[in-house]
Amino acid sequence: MVVIVDPAGIPDERIAACLSTAEQEQAARFRFEKDARHWRACRTALRTILGRALGIDPAGLVLEFGEHGKPRLAPPHDGLHFNLSHCHDLALVALSRSGPLGIDLEPADRAGSLLGCESSFCHPQEIDALPAPADARAAALLDLWTSKEALLKALGTGMSLAPESVSLAGPGGHGSHPRLRGFTLRPLHHAALEKHVARLATPDGIAGIEVREFSA
Ligand SMILES: CC(C)(COP(=O)(O)OP(=O)(O)OC[C@H]1O[C@@H](n2cnc3c(N)ncnc32)[C@H](O)[C@@H]1OP(=O)(O)O)[C@@H](O)C(=O)NCCC(=O)NCCS
């Protein structure tokens, strides 16, 4: 399941009731209050969604972090996998009991900013396969960026595994990378995501993904 969250709609009282002292301290390190509020709201939505899935108080959930910072639930709740992505106006939370997930969300109007950045995140095979017209090329670059981020977040490395070392083009696609076998990559579609590009990486074999909006 994927839940679409409008962080601006999360009430302050819920944030105050949900976050740990460490999370409040982490938020206080943001330079701008609007960024701190956004982060607090996203973490509150994440805790609320996980708490509902587990039937427990969101404030009581214990989060742990992997080597590259990927959050996960501490035992005994570690069978529920999740991942979160946020941009300035929305967040997505993906949940599964089948294994690790990765999700990425980007504003669609970011595409043009990726023109000229090909070699910083694209494999040479991917660069060869890119269309030449600027609009189509920018859209293809955003697709690659979002897809790779979702895959590398599923793996847990994030961008500490060089994205240009992974090719989604050519025989086998991302499955040709030894660390990325076993993940299925899919686009996410929903009316609330019309101005965004979103990709989800799940363990192979999951049939359908329900996409729903968060209700406070
Ligand atoms: C993971 C990463 C791609 C996220 O980039 P981003 O631009 O913040 O993108 P998103 O909004 O999609 O994702 C952020 C969320 O991903 C999750 N996340 C953090 N690290 C993660 C990782 N290694 N793998 C998967 N998910 C991760 C968190 O829930 C985070 O939310 P938070 O900021 O509220 O804690 C980027 O931070 C990265 O490459 N990190 C790994 C390398 C690194 O720098 N590690 C240093 C920390 S040990």
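**Briefing: sheet, core and ligand shell**

Strand E7 (residues 183-187) and strand E8 run antiparallel and are joined by 5 bridges. The model described here is a predicted one, and the points below take up the sheet to which these strands belong, the helix that packs on it, the nonpolar core and the residues around the ligand.

**The sheet**

- Three strands make up an open sheet, in which the order is E6-E8-E7 and the pairing is antiparallel; the edge strands are E6 and E7, each of which pairs on one side only.
- From one strand to the next, the twist averages 15 degrees.
- E6 is joined to E8 by 6 bridges, and these two strands run antiparallel; along this pairing, Pro107 stands opposite His196 in E8, while Gly102 stands opposite Ala201 in E8.
- On the E7 side, Leu185 has Ala201 in E8 as its bridge partner, so that Ala201 is named both in this pair and in the pair with Gly102.
- Strand E8 (residues 196-203) has 7 of its 8 residues buried, and it is therefore largely enclosed by the rest of the structure.

**Helix H6 and the nonpolar core**

- The largest nonpolar core has 46 residues, and those with the most contacts inside it are Ala45, Leu92, Val93 and Leu151.
- Helix H6 (residues 134-155) gives the most to this core, contributing 10 residues.
- As a general background, nonpolar side chains in soluble globular proteins tend to be buried together.
- Leu151, one of the residues with the most contacts inside the core, touches Gly102, Val166, His174, Leu180, Phe183, Leu185 and Ala201, when residues up to four places away in sequence are not counted.
- Among these contacts of Leu151 are Gly102, Leu185 and Ala201, which also appear in the strand pairings, where Gly102 stands opposite Ala201 and Leu185 is the bridge partner of Ala201.

**The shell around the ligand**

- There are 19 residues around the ligand, of which Gly69, Lys70, Ser85, Gly158 and Met159 come nearest.
- The elements that give two or more residues to this shell are helix H3 (33-54), strand E4 (81-86), strand E6 (102-107) and H6, and E4 gives the most, with 4 residues.
- By class, the shell around the ligand consists of 5 nonpolar, 9 polar and 5 charged residues.
- Helix H6 thus has a place in two of these descriptions, since it gives the most residues to the largest nonpolar core and is listed among the elements that give two or more residues to the shell around the ligand.

How values were computed: Residues numbered from 1 in each chain as written. Predicted model: local features only at pLDDT ≥ 70, side-chain atom pairs only at ≥ 80, totals over all residues. Core = buried A, V, L, I, M, F, W, Y, C linked by C-beta atoms within 7 Å. Buried ≥ 20, exposed ≤ 12 C-beta atoms within 10 Å, placed from the backbone. Contact = placed C-beta atoms within 7 Å. Near = placed C-beta within 6 Å. Nonpolar A, V, L, I, M, F, W, Y, C, P; charged D, E, K, R; others polar. Pairing = 2+ DSSP bridges. Axes fitted to C-alpha atoms, helices over the stretch in contact; angles between N-to-C directions.
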